Amino acid sequence: MTDTRADDSTTPGIVIMGASGRMGRMLTAAVVASPAMRLVGAVERPGSDWIGQDAGEAAGGAALGVVVTEDADAALAGAQAVIDFTTPAATVALAPIAAQAGVVHVIGTTGLTPDDIAAIDAVTDRGVVVRAGNMSLGVNLLMQLTRKVAQALDESFDIEIVETHHRHKVDAPSGTALMLGEAAAEGRGHPLDDLYVAARDGITGARETGSIGFSAIRGGDVIGDHEVIFAGEGERIILSHKASDRTLFARGALKAALWGVGKAPGHYDMLDVLGL
Ligand SMILES: NC(=O)C1=CN([C@@H]2O[C@H](COP(=O)(O)OP(=O)(O)OC[C@H]3O[C@@H](n4cnc5c(N)ncnc54)[C@H](O)[C@@H]3O)[C@@H](O)[C@H]2O)C=CC1
Ligand SMILES: O=C(O)C1=N[C@H](C(=O)O)C[C@H](O)C1
């Protein structure tokens, strides 16, 4: 059967930023497989081997009719959404371009500093941004559970967040760990900044009551495991999520892209998209 989606201008056109990355490849395949959208652009960093190649052929598959470019402005012309799982610098640079083009900017990139987030926020008076450190349904549900448990238990329960990721991950703690930490802090009625304790080393002194500790493990090909531990006297409650397939994140990102089309300018997250 002939696939006529590429000719259907009513189907949202999606651009993948960081097309050669672990998530970029996954996202490209997911967009191509979806009947609800079409792939209209693929962007990579200047100097990437993929520039000038067809996005499908560069990934070792069939041609997709989309040539990878370093020119985000050109790639976004006529698109409805761009899905961006790249680096903080690339994401911050793309935000005003997407807003100017009227293209929904779905951001999965983690490791963003408060200044990076402020720069992204600055375009949301005119652009639609959907940003989450984890796009999976399970983790976003876990955030809600974490908030509730933190609210229900007093400070005699110590909160610790442990995350494990593959050896290539460059940021720590993970975006997901920070989301879970923010949910726990919200449950406790404080900003996370006031409670945050980074990985411990050396003579750290006893644990401060009410603090939220973070530990990061890196190794092998672990896609992403997270635990929120509530440790009390004589008992522990452990909320846990394990990702076993990156398509999980891609599914969430595609959902966010479709959800964002036609929304009023603003900074949204996956709780908005999933209605949680
Ligand atoms: N929110 C979520 O659900 C998830 C978020 N992530 C995050 O997504 C990000 C990417 O993760 P991976 O795919 O594993 O990394 P990766 O390193 O495999 O891919 C990043 C890609 O971005 C490209 N890139 C860098 N600068 C660019 C620029 N200026 N223009 C266009 N492309 C550029 C790189 O060349 C690379 O291909 C990380 O921050 C990671 O933590 C990953 C999985 C799920
Ligand atoms: O870099 C990754 O791989 C992942 N990053 C996200 C994070 O920082 O939480 C989401 C997921 O855990 C995979």
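In the predicted model, ligand 2 sits in the largest pocket. The residues that surround ligand 2 are Thr110, Gly133, Asn134, His165, His166, Lys169, Ser174, Gly175, Thr176, Ile223, His226 and Phe249. By residue class, this shell divides into nine polar, two nonpolar and one charged. Polar side chains approach the oxygen atoms of the ligand: an N or O atom in the side chain of Thr176 lies 2.5 Å from an oxygen atom of ligand 2, and for the side chain of His166 the corresponding distance is 2.8 Å. The side chain of Lys169 likewise places an N or O atom 2.8 Å from an oxygen atom of ligand 2. Of the 330 Å² that ligand 2 exposes when taken alone, the protein buries 85%.

The largest pocket is also the space taken by ligand 1. Ligand 1 is surrounded by 21 residues, of which Arg22, Met23, Glu44, Thr110 and Met135 are the closest. This shell comprises 10 polar, seven nonpolar and four charged residues. Thr110 belongs to the surroundings of both ligands.

Contacts from the backbone were found for ligand 1. An oxygen atom of ligand 1 lies 2.8 Å from a backbone N or O atom of Met23, and a backbone N or O atom of Met135 is 2.9 Å from an oxygen atom of the ligand. At Asn134, a polar backbone atom is 3.4 Å from a nitrogen atom of ligand 1. The accessible area of ligand 1 on its own is 860 Å², and the protein covers 81% of this area. Asn134 is, in addition, one of the residues surrounding ligand 2.

Notes. Residues numbered from 1 in each chain as written. Chains lettered and ligands numbered in written order. Predicted model: local features only at pLDDT ≥ 70, side-chain atom pairs only at ≥ 80, totals over all residues. Heavy atoms only, no water. Near = heavy atom within 4 Å. Polar contact = N/O pair within 3.5 Å; in protein donor to acceptor, adjacent residues only side chain to side chain. Areas by Shrake-Rupley, 256 points an atom, 1.4 Å probe, with all protein chains shown as cover. 1 Å grid on protein atoms, 1.4 Å probe; cavity = no way out; pocket = protein on both sides within 12 Å on 5 of 7 lines; lining within 4 Å. Sits in = over half its atoms within 2 Å of the grid points. Nonpolar A, V, L, I, M, F, W, Y, C, P; charged D, E, K, R; others polar.
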